Amino acid sequence: MVALRELVAELDALLQVGDFADYCPNGLQVEGRGRVHRILSGVTACEALVETAVTRGADLLLVHHGYFWRGEDPRVCGMKRRRLQRLLAADISLVAYHLPLDAHPELGNNAQLAQRLGLAAEGRFGTGSGPELGWYGRLPRAMTVKELTDWIRARLQRTPLHLEGGPEPIQRLGWCTGAAQSYLEAAADLGLDAFVTGEASEQTTHVARERGIHCFVAGHHATERYGVQALGAWAAHRFGLEHEFIEVPNPI
Ligand SMILES: [Zn+2]
């Protein structure tokens, strides 16, 4: 058991939430009971995940994608009402970390994706505005497009979409989890062979072709499953809590 306030303060400090100008509040988003023993984690605080937290008797739901995004309709109606009503009625806290969880050097989504894909990190990069969330480094060996596709599929249980770009083989690459297709040009500027991210847009195809860089689109959800699991495991270990990650399948 740990006090909710102590747990959140520790997570906020670990992830240095104060250093980020984000599109949502980081940390405690919905306050539930004052003491925490059981944490449930997931990528997005969708209704199915909230429902599972209620059924499993969780004290706290830990996610990467929480609520209250900048620019959204602030009224508590419809979908948002149902989610909040379930959480509040069950006295479950919602704790969300967005950009701070992408960026953390060990527990973050990019660090965890690197571990999973066997990538040796060499540095970070950004698009010129905002935090440098992209990472670059090396595969353990040079690979063809087919080999890297199989490599990603075996490790993420997701067949990536490949957008044809530069020559083969591929060894130096960049990566940024989630919807980081806007990083592709910056990855090309670094002279990387390929870039791995979660989502693509129509123009991503043309950037890959014209800048000569392969792009592997492995799913926003699939690339961002690992940070929140690592963070939940860290908190469970630190305070002697129960933690369970729940996979709510999402093809995007
Ligand atoms: Zn995301």
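Metal donors are defined here as N, O and S atoms within 2.8 Å of the metal (3.2 Å for Na, K and Ca); water is not among the atoms, so sites may look incomplete. The structure is a predicted model, in which local features need pLDDT of at least 70 and side-chain atom pairs count only at pLDDT 80 or more, whereas totals for chains, interfaces and linings use all residues. Residues are numbered from 1 along each chain as its sequence is written, and side-chain values use heavy atoms, with hydrogens and water left out.

The zinc ion has as its protein donors His65 (NE2), His220 (NE2) and Glu224 (OE), which lie 2.1 Å from the ion. The spacing of these donor residues along the sequence is H-x154-H-x3-E. Because His65 belongs to strand β5 (residues 60-65) and His220 to helix α9 (residues 220-223), the pair ties together parts 155 residues apart in sequence. Helices (H or I, at least four residues) and strands (E, at least two) are DSSP runs, numbered from the N terminus. His65 is buried at 13% relative accessibility, and His220 is likewise buried, at 16%. Buried denotes under 20% relative accessible area, exposed over 50%, and partly exposed in between (1.4 Å probe, protein chains only).

Helix α3 (residues 78-90) comprises 13 residues, and its end C-alpha atoms are 18 Å apart, in agreement with the 18 Å expected at 1.5 Å a residue. The expected span is 1.5 Å times one less than the number of residues in the helix. The buried residues of α3 are Lys80, Arg83, Leu84, Leu87 and Ala90. They cover an arc of only 145° around the axis, and therefore lie on the same side of α3; the arc is that of the directions from the helix axis to the C-beta atoms. Leu88 and Ala89, on the other side of α3, are exposed. Immediately after α3, Asp91 adopts a positive phi of about 60°.

For helix α10 (residues 226-239), with 14 residues, the expected span of 20 Å agrees with the 20 Å between its end C-alpha atoms. Its buried residues include Tyr226, Val228, Leu231 and Phe239. Gly240, just after α10, takes a positive phi of about 65°.

The domain assignment, automatic or from a database, gives domain 1 (2-97) and domain 2 (104-223). Their C-alpha centres lie 29 Å apart. Between them the two domains bury about 470 Å², 70% of it on carbon and sulfur atoms. Buried area is the accessible area (1.4 Å probe) that two parts lose on being put together, summed over both. Leu14, Phe20 and Val43 supply 56% of the area that domain 1 buries against domain 2, more than any other three residues.
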